[in-house]
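Here are my notes for anyone opening this one for the first time. Have the viewer ready and click along as you read.

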Amino acid sequence: MERDGVKRERWGVWPFYSAACRRDMDRLLAKGGGLSAYRSSASFPRGPAAGSWAWRFERDAERIFNVRHVVACANGTLALIAALRALDLPPGEVITTPFTFSATSAAIRFAGHEPVFADVEPSTFCLDPDSVATVLSPQTRAILPVDLFGAPADYGKLRGFDLPIVADACQAVGAGMSCHGDIATVSFNGSKQLPAGEAGAVLTNSRDLADRVRGFVSHIENWAHPEVGLNARLNEPTALIAWHGLQELRERNERRRRLARVLIKELRGHAKIRILPNPAGPPLYVFPVVLAEGVDRARLADNLKRLGVEVGCGYLTPPISDYPAFKACRRAPLPVVIELSETSLCLFTQVRPPATAADMRWLGKQIRAALA
């Protein structure tokens, strides 16, 4: 699609791969072999072999994310399951947010617990500590906040509950993050800030937790261990792509920030827009807009879609707490979640490279026109 001399089809071109990445991939494939770097000792699965792409990714990620241990794995959902299992908690409840992707709640259940839903804060869309306090019980085992769209949850207040924290930072890769919880997870899904197709990682400063995760993602039962694991290892081609993306992460995220600031400037002050992202905030995974009361969101979305703008009515509508699989879960009152589900609009593919400032100015004008 081309409007005002600008080709809009490039909005869908993400991720993109550098010449160096393509060259190294050709070399890797030319070697042949099984394309897996994982080796184990007789006593414990030790992770990828030194010097492999998976090993290089983990070591560089530890440096860039400022954390002692990074364990790469097949995807972000498995990273969440591995992180929860590594805590070795008795079965119980894990408090989380219903205003996110379903993988968070699914991982809680796969790890042997039951999700309990608390409300979110209207400015960040992240877990509200005051709402968390209302659903604490003797069965509460941990808290699982989500850094939605890239914005960090209020970890200072959440740590005050003196419970293990699993930080779902899958949408906040490189957003000034380290390991905010006892253990954290990131995703390198093809739409994330560091895209590698399907991949993820667990971050922690605890050697014991890192070892437990390594065992879980690499069939620990085969090494005379009483626990069981599975195959959630990161293969070499995916690790190679992830490593190259890691080298470009800072610049890619800064480009996301610059694009978001241009669009925020175009939309700021509009009477029918109630909340926009913070222009000084983190690199956004998704660009959210909260509309004023009375705006016909469905009509606005349809108008934008006709222009080739991929837009969603809310991040997930209904929220996870209304999904059949989780409808029976215990919950706090969720007035902010319900309001955001009914009034938010999400731009999924536009506010990221290789889009330009000109694209953002065009997009801002189209949104303003559609609101009129």
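Which residues are exposed on the other side of α9? Keep that in mind for point 2; and remember throughout that this is a predicted model.

1. **The cores.** A good place to start is the largest nonpolar core, which has 48 residues; Phe57, Phe65, Phe188, Leu194 and Leu203 touch the most other members. Two or more residues of this core come from each of α1 (19-31), α2 (53-64), β5 (69-73), α5 (129-135), α6 (155-158), β10, β11 and α8 (236-267). The top contributor is α8, with seven residues. Apart from this core lies another one, of 46 residues, and Leu300, Ala301, Leu334 and Val336 are among them. Back in the largest core, try clicking on Phe57: leaving aside neighbours within four places in sequence, its contacts are Ala72, Phe188, Leu194, Ala239, Ala242, Trp243 and Leu246.

2. **Helix α9.** Now for the opening question. In α9 (residues 297-306), the buried residues are Arg297, Leu300, Ala301 and Leu304. Looking down the axis of α9, you find these buried residues within an arc of 95°, so they line one face of the helix. The general background is that an α-helix has 3.6 residues a turn, so residues three or four places apart point the same way. On the other side of α9, the exposed residues are Arg299 and Arg306. The cover over the buried residues of α9 includes β13 (287-291), β14 (311-313), α10 (335-343), β15 (344-347) and α11. Just after α9 comes Gly308, with a positive phi of about 85°.

3. **Helix α7.** Is α7 largely enclosed or largely open? Seven of its 10 residues are buried, so α7 is largely enclosed by the rest of the structure. The buried ones are Leu209, Ala210, Arg212, Val213, Arg214, Gly215 and Phe216. Their cover includes β4 (45-48), α2, β5, α3, β10 and β11. Look at the start of α7 too, where a side-chain oxygen of Ser206 comes to within 3.4 Å of the backbone nitrogen of Asp208.

4. **A parallel pair.** Strands β6 (residues 93-96) and β7 (residues 114-117) run parallel and are joined by four bridges. To find your bearings, pick Ile95, which stands opposite Val116 in β7. Between the two strands the chain passes through helix α4 (residues 103-110), and this β-α-β crossover is right-handed.

5. **Backbone oddities.** Most residues other than glycine have a negative phi, and most peptide bonds are trans. Here are some spots to check against that. Asp88 has a positive phi, near 55°, and sits in the loop between α3 (76-86) and β6. With a relative accessibility of 56%, Asp88 counts as exposed. Ala224 is not a glycine either, yet its phi is positive, about 55°; you will find it in the loop between α7 (207-216) and α8. At 79% relative accessibility, Ala224 counts as exposed. Then there is the peptide bond from Pro353 to Pro354, which is cis with omega near 5°. Pro354 belongs to the loop between β15 and α11.

6. **Ser191 and its contacts.** Which residues does Ser191 touch, leaving aside its neighbours within four places in sequence? They are Trp14, Arg256, Tyr285 and Arg352. With Tyr285, there is a polar contact between the two side chains, at 3.0 Å. Ser191 itself lies in the loop between β10 (183-187) and β11 (200-204).

7. **Ala357.** Last stop: Ala357 is in helix α11 (residues 357-371). Is Ala357 buried or partly exposed? Its relative accessible area is 29%, so it is partly exposed; the cut-off for buried is under 20%. Leaving aside neighbours within four places in sequence, Ala357 is in contact with Leu259 and Val262. For a sense of distance, the C-alpha atoms of Ala357 and Thr185 are separated by 32 Å, and the two residues are 172 apart along the chain.

Technical notes
Residues numbered from 1 in each chain as written. Predicted model: local features only at pLDDT ≥ 70, side-chain atom pairs only at ≥ 80, totals over all residues. Heavy atoms only, no water. Buried < 20%, exposed > 50% of the residue type's maximum accessible area, 1.4 Å probe, protein only. Contact = heavy atoms within 4.5 Å. Arc of directions from axis to C-beta. Polar contact = N/O pair within 3.5 Å; in protein donor to acceptor, adjacent residues only side chain to side chain. Pairing = 2+ DSSP bridges. Right-handed = clockwise from strand over helix to strand, strands pointing away. Core = buried A, V, L, I, M, F, W, Y, C linked by side-chain atoms within 4.5 Å.
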